[in-house]
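Me: Please take a close look at one sheet in this model and what packs against it. Then place it beside some other packing in the two chains.

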Amino acid sequence: MLARISRWTLPALILLVGLATYRFLFTAPGSEDVLPPRSEPWRIEPLHDEPRIVTDQQLAEVLDRVRPPGAPANTNLYVHALRLWGDQADFSDSDRPSGGQLRDYFLRDEVFRKWAGSAAPPLFAAREIGLAARSFDDEAAFQTSGSYHQDDLLATLAETGVPLDTPLETRDGAGTVADLLRQSLRDFHPDRLEFEWTVISYARYAFPLSEWRNKYGQRVDVESLVDLLLAAPLTQGPCNGLHRMEAIVVLYRVDQEAGGVLKPRTRQRLLDQMLRVSQLLAASQSEQGYWTRRWPLGAAALTQSAASATSDIAGDTAIDAADHQSQPARREVDAAELGDRLLVTGHQLEWLALAPEEVLPPRENLVRAGQWLVRTLLEIDEHDLRDRYGPYSHAVRALSLWRGRQPYDAWSAVHAEE
Amino acid sequence: MAYDTTLDRSLDSRRETVAAEDLPICLTRDNLTSPYFPQTSRGLLAAVVVLCVVYLTLSVNRLNHTDLWGHLNFGRWIVEHGSLPASEPFAIESADGGLVNVPWLAQLAGYLTFRTLGSEGLVLAHALLGTASCGILMLAIRRRQIPLACCVALGAIAMLLSLPVLGTIRPQLLGMLGVPLVLAYLARPPRGWLACWILALLFAVWANTHGSFAVGLLLLGLGLVTTSCEVGWERKSFADVWRRAEPRWLAAGLLFAVIGSCLNPLGPRLLLEVASFGQHAPLAAISEWRSLSPWSLSGVLFYGSLLATAIILRVAGRRMQLLEMVLLVVFGLLTMTAMRMLVWWALIWPWVVAPHAWAAWQRVFAAAPAPDDSTPRAASMRTLIGVSFVFMTLLLAPPSQALLRGQPRGEARVTGQGTPWYVADELVRRQAEGNLLAPMDWADYLVWKTEGRVRPLVYSHVHLLPESVWTDYQRIEAGAPDWPRLARAHQLKFLVVDRKRNTELLRQVMLASRHENPPVRVIYRDKRCILAEVL
C-alpha cells in the first residue's frame, strides 16, 4: 500500500519541490519604480550667438512685448510664459505673475487657485502610482485652467530646471514632481497621438534610463521612442508637428550631455532627420523669410496652391480629411495667414537654435527668418498678441536662444542698463 | 595500417567492470528502480511530452478580446448579486422572453479564477483545459485497444485540427472535456449503474457550463441507435435488441445523461433553447457561425482530415463500424454548415479513425519491431525525464512562469493585440457612465473594465438582442446619414469609433464635432480609435 502511494505521489512531490525551490531561490521581486537616481533635469544651453538674426536692441523690444499675461489665468499661456521666462523672472508688475509665481501656479494648488479662481478643479490628481494633470477636455466648464497637451506641464517644469524632488502641493495632499514623471512613464503607450512632451520629459528627467514597462506591461525603450518620433508624418501633431523636432533635438543634446548613451546608429538617425528638415526649410523659405505650413514640400511650397499642398502633406486618413475641411486655420491656409507663418517660423527657429552646427540650414536662411520674426512681432497689435501668446512666445524664445541667452537674462540685462 | 580493436574492447570491458565496482551500492543494487518509485513506458513518456508541448503551445495564446470578457461580466454579476440574472444585465436593450444564460457555471468559474489569479490565471486555465482535453482524448482512443503511441499521435493531431478554434478561452473549452469523456464511454460502454450516475453528473455540470452538452447527448444517442441497429442486423430481428445488455446500458446511460442535463436553472426547456440557438438572426454576422470555407485554415484542416480518412481506410482495408460511419457523416456535415463545429470534429475524427489508422500502420510497417520496455533502469529514468520535462515546461510557459515568479506580465502582453486597452483605460479614468456604442468585439472588454458602468448597444452576446437593435447598430457603425438620430434614439452617451473599421463614421463624427453647436465632442484620440461624447 505504502509503495503504491509512493509511486503515485513521488513524481508530483519531486515536481512541487523543484517548483518551490525555483520560486524561493531563483526569483527576485521586481521593482516598478523606474525613476533615475538624479533629481536635477538635464539642462540644454543654446549653441549659437548670431547677432544678425536678432540684435540686442531688437531682442529687448520683442521680449518686452511678451511679458507674462495677467489674469484671467490660462494654463496654456502660463506654460508658455514659464517656459519663456523661467522661474527667476521678476517684472516688478503686480498685474503680471513673476517667474516664481508662474512656477508655483503649477507646484502649489493655493497659488493655482489664486490665479485660476477658487472654483477651478485641481490641476493635478492622484493616479495609480503618482500624479497626473487634468486635461483641458476633462471638465468642459474649466477648459482654460486644464492642461492642453499630454505631459506639457511636466516638460515645462523640466525645461525650467525644477528638480524631481521639488514638493508639489495638490488639493488632496503633497507629492513631488517625481510623482508626475512616474505616472507619465507608466501611462505612456505607443498608440498615443501626442507623445512629444512625454519624450521631452523623459529625456530631461529620466535619461539615460534605457527602458521601462508601462502600466499595460509593454516595454518602452529609447529606440521605440526614436521610431515614434521619426515615423510620424512631418506635420502631424500640435503646432504643425514641430514639437516633435524639439523632442528630437532635446533627446540628441541630452544624449551628448550624458556622454553618448544612444547607439551611434540611433544618434545618426536623429541627426539625419534634423538635416532632412533643414534642407526642406532652406528650399521652402519665402523671400521675406517666413515659412508656412507647406514647408515639408520643399521648393514646391513656394509654387503649389495651398489646398493641394495641404492634402499632399497631411496624408490620406479620413480624420485628416475631416480636419482639413473644418479647421479654420487650415481653411485660411491659402492666404498663409500671419499667425500660421509666425507659428511655423518661430517653432522652426527654436529647435534650430539648439541643434548642432552641422545640421543647420545656411546662415542666410536663418537671418532672414529671424529678421522676419522681429518685424512681425513688433508690428502685431496687443489683442492679437494675447490671443496667440503661445506661438509668439516660441518665436521670442527662439530669437533669444539664437543670441545664446535665456530670455530673462537678455531682458533683465537691457532693463538693468536703463 | 591495420588496427587491432580486440585489445581496445578488452580494455573497455575491464574499465566498465572497475567502474561498476567503484559505484556506491545504493546506486547499483537495483538499477535505480524501487517499488516506491514509478516506472514509465515509452508510450507514457511520449504522452507526457506531447501534453507538455500542447500546454506550452496553448499557454502562449493571448486572451482574445471577444466574448471572454462578456462571460466574465456575467461571472462578476453573479458573484456580486449572489443570484443568476433574470434579464440581460449589460446591454441597453435586450430581446423579450427573459434571459437564457446557459454557461453561468463556466462564467462563475472564470470570474473566480480571474479574481484569484488575475489574467495570468485565465491563460493558465486555458492551457490546462486544452491539455486536459487532449489527455482525455488519448485515453478515449486508448480504450479502443489502440497502442498508446498511436493514441498520443492522434491526440496531437486533434489539437492541430482544433487550432483555429482552440485559441480562444471560452466556456466551450469545458465542453472539450465532455466530448472526449463521452467518447471514452462509447469506446467500451461500462455495464453498471455507477457509469450511469457518472454520466448524469457529467451532464449536470456540462449543461450548466456550455450548450455543447447537446453534442454529448447526440453522441450518446447515435451510439445507442447504431449499436441497436448492429445488434438487430446481427440477430436479423430488431425485436430482440433489448435482450442484449449493451443497448440496454447505452439507453440507461442516455437516460441518465438527459436527466443530468435537465438539472439547470431552465430545466428541460434548456434542451429546446439550445436546439434553437442557431436561429438568432444576428449570429449570421459572426464568422464562426458561417459555413466552412474550403480556403480558410479551418477548411484546409477539415478537408485535409477527410482526405486522410479516405487514404487511411483504403490502406487499412478494415470494415467500419456503423457508429464510426454515422459520426463521420453527421459531424462532417455539421462542420461544413458552421465553422465552430470544427472543434467537435477535431475530437471525434481521431477517435473514429484510430483503429483504422493503427491497422494501416501495421500493414505498412509490419516488419517494425515492437518497442522494448523491459529494462527497468530505463523505465525509472523515463519517469525522471518526464518529471523534468513537466518542470521545464512550467518554467517556460508564460502564465505558469509569471505566477511562479509572482510577476504578472501586464494586460497588453496577456490579452490579444486587438484589445482596446487604451480607450478602456480612458473610460475608466473619466469614470464614464451611460450608454455606449463600440465595435461589438470591443464592447465586452469595455463593460468589463468599467465594471458595467457603460452599457453597450451591442456586445458579443448578440443572441440576446432584438433584431431592430442589431440593424440600428450596423447603421451607426457604417456612418449612415441617420446615425445622429439613431444615437439619440438609443440615448447613446459615448461613441467608440475604430479608425480602421468605421472610417465613414469617423469622418462624420470628426466633422460633426467641429460644428458651431456640435452634437458630439471628441474627448480622446489615439492611433486606433476615437472616443466621442454625444452632447
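Reply: What follows starts with a sheet of chain B and then turns to helix packing and chain A.

This is a predicted model, in which local features need pLDDT of at least 70 and side-chain atom pairs count only at pLDDT 80 or more, while totals for chains, interfaces and linings use all residues. Residues are numbered from 1 along each chain as its sequence is written, chains are lettered from A and ligands numbered from 1 in the order in which they are written, and side-chain values use heavy atoms, with hydrogens and water left out.

The part in question is an open sheet of five strands in chain B, with the order β2-β1-β3-β5-β4 and mixed pairing. Strands (E, at least two residues) and helices (H or I, at least four) are DSSP runs numbered from the N terminus, and two strands pair if DSSP finds at least two bridges between them. At the edges are β2 (454–456) and β4 (520–525) of chain B, each of which pairs on one side only. From one strand to the next, the twist averages 30 degrees. Strand β4(B) runs antiparallel to β5 (residues 529–534) of chain B, and five bridges join them. One bridge puts Y524(B) with its partner L531(B) in β5(B).

Helix α20 (residues 440–449) of chain B lies across four strands of chain B, namely β1 (434–437), β2, β3 (492–498) and β5, and runs at about 160 degrees to β2(B). Such angles run from 0 to 180 degrees between N-to-C directions, and axes are lines fitted to C-alpha atoms, for helices over the stretch in contact; contact means heavy atoms within 4.5 Å. Nine of the ten residues of α20(B) are buried, so the helix is largely enclosed by the rest of the structure. Buried means under 20% relative accessible area, exposed over 50% and partly exposed in between, with a 1.4 Å probe and protein chains only. The buried residues of α20(B) include M440(B), W442(B), Y445(B), L446(B) and W448(B), and also D441(B) and D444(B). After α20(B) comes E451(B), whose phi is positive, near 55 degrees.

W483(B) is in helix α22 (residues 483–489) of chain B. With a relative accessible area of 3%, W483(B) is buried. Neighbours within four places in sequence aside, W483(B) contacts I476(B), L495(B), L505(B), Q508(B), V509(B), A512(B) and V520(B). From W483(B) to V300(B) is 183 residues in sequence and 40 Å in space, C-alpha to C-alpha.

Elsewhere in chain B, helices α13 (residues 297–316) and α15 (residues 342–364) pack at an angle of about 30 degrees, their axes 9 Å apart. That makes α13(B) roughly parallel to α15(B), where angles under 35 degrees count as roughly parallel, over 145 as roughly antiparallel, 65 to 115 as roughly perpendicular and the rest as oblique. The crossing of α13(B) and α15(B) is left-handed, a term for a near helix turned anticlockwise from the far one by less than a right angle, with clockwise being right-handed. Among the residues that meet are F302(B), L306(B) and I312(B) from α13(B), and W345(B), W349(B) and H356(B) from α15(B).

Chain A has 19 helices and six strands. Buried residues make up 58% of its 418 residues. The C-alpha atoms of chain A fill a box of roughly 100 × 50 × 45 Å along the principal axes.

Helix α10 (residues 242–257) of chain A has 16 residues and should span 22 Å at 1.5 Å a residue; its end C-alpha atoms are 23 Å apart, which agrees. The expected span is 1.5 Å times one less than the number of residues. In α10(A), 14 of the 16 residues are buried, so this helix is largely enclosed by the rest of the structure. Helix α9 (residues 222–231) of chain A crosses α10(A) at roughly 145 degrees, with axes that come within 10 Å. This crossing of α9(A) and α10(A) is left-handed. Residues V222(A), V226(A), L228(A), L229(A) and L230(A) of α9(A) meet R244(A), A247(A), I248(A) and L251(A) of α10(A). Just after α10(A), G259(A) takes a positive phi of about 95 degrees.
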